[in-house]
Amino acid sequence: MSQTPGRSLLLVPLLGLLWGFNWPAVRISLTEIAPWTLRAGGMSFAGLALVAIGLARGQFLAVPRGQWLRLAIAGFLSIAAFNVLLAFAQLAAPTSRAAILTFTMPIWATLLARFVLAEPFDRRRLLGLGLGAAGLLCLGLPLLASGSFSIGLLYALMASVSWALGTIVTKRWPVSAPALTIAAWQLLIGGAVAGIGMLVFEGLPIPKMPEARTFAALTFHILGAQALAYFLWFTVIARLPAGIASLGTLMVPAVGVLGSVLLLGERPTPSDWLGLVLVVAASGTIMLPQRRREAKALS
């Protein structure tokens, strides 16, 4: 295998920072922008940005006619429902806890793959599931004991499971198109779904200039954590082994929690920090070793 490009490696932590700080950016944006409106604008803009990137690269953006339904279902689950549920999760629960719970996505995907796709559990997956269960217990038991478990955390769990379901649909019924094309159309589908929700539940937004803090957060969310981050992600996965690329996603919950402390003034409890460590360890155990084996097989 060729040597890993040094400059491309720098994009991995940059992705972790962009997606991690998106958590407090979304929470700040929600102080002035309604959730359906925020998601409709963010996903639509990100989808159009990927379309523009694809066209600039001369990439074919068509999808086989018989595969639009599977593309739409996966996009609804892993993009539309995921993002909308997270917006409501952050309105009803601390952003730091929502970030930790949401990152249980690989755990749910592993469980669903076992029962839906009959994928076997190996030792590493079992270890990952055990660490994930311990992390959820660290987060949930103190909250249940104190009676402070909120609907927002349930939204975060529902978002995580929705993303996992979308992953299972994609594995079971893959779409024969480049990854950038699939992501662009799924984001546009998500934007359309959120746009319908906006019209039904919020109505047309009234244009107004937000406060400086909200404007800065919204700009970062749309341009940094959506358009730029997706562009960087497809650059990374094209140049680096998948296992190394996945390291950037492992940074996201940690950066999200730290960003919530710095920008939102949240104070996670010791059980929150322990849950974060266990959930990140669980996701890393599930995601990284398999990618490394694939990389060795290709070398």
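How do α3 and α8 lie with respect to each other: parallel, antiparallel, perpendicular or oblique? The first close-up answers this, after a short note on the model. This is a predicted model, in which local features need pLDDT of at least 70, side-chain atom pairs count only at pLDDT 80 or more, and totals for chains, interfaces and linings use all residues. Residues are numbered from 1 along each chain as its sequence is written, and side-chain values use heavy atoms, with hydrogens and water left out.

**View 1. Helix α3 meets helix α8.** The axes of α3 (residues 68-92) and α8 (residues 179-202) come within 8 Å and cross at roughly 60°. Helices here are DSSP runs (H or I, at least four residues) numbered from the N terminus, and axes are lines fitted to C-alpha atoms over the stretch in contact, with angles from 0 to 180 degrees between N-to-C directions. α3 and α8 are therefore oblique to each other (under 35 degrees counts as roughly parallel, over 145 as roughly antiparallel, 65 to 115 as roughly perpendicular and the rest as oblique). Their crossing is right-handed (the near helix is turned clockwise from the far one by less than a right angle; anticlockwise would be left-handed). Residues making the contact (heavy atoms within 4.5 Å) include W68, L71 and F76 of α3 and W185, I189 and V193 of α8. By class, this contact has 14 nonpolar, 4 polar and no charged residues.

**View 2. Helix α8 and its end.** With 24 residues at 1.5 Å each, α8 should span 34 Å, and its end C-alpha atoms agree, being 33 Å apart (the expected span is 1.5 Å times one less than the number of residues). Just after α8 comes G203, with a positive phi near 80°.

**View 3. Helix α2 packs on α8.** Here α2 (residues 35-56) packs with α8 at an angle of about 155°, their axes 7 Å apart. The two are therefore roughly antiparallel, and their crossing is left-handed. The contact of α2 with α8 has 18 nonpolar, 8 polar and 2 charged residues.

**View 4. Helix α2 crosses α3.** The axes of α2 and α3 come within 10 Å and cross at roughly 140°, which makes α2 oblique to α3. This crossing is right-handed. Among the contact residues are W36, R39 and M43 of α2 and N83, F88 and L91 of α3.

**View 5. A salt bridge between R97 and D272.** The closest N and O atoms of this pair are 3.1 Å apart (a salt bridge is a side-chain nitrogen of Lys or Arg within 4 Å of a carboxyl oxygen of Asp or Glu). R97 lies in α4 (residues 95-102) and D272 in α11 (residues 270-298), so the pair ties together parts 175 residues apart in sequence.

Key:
Ala, Val, Leu, Ile, Met, Phe, Trp, Tyr, Cys and Pro count as nonpolar, Asp, Glu, Lys and Arg as charged, and the others, Gly among them, as polar.
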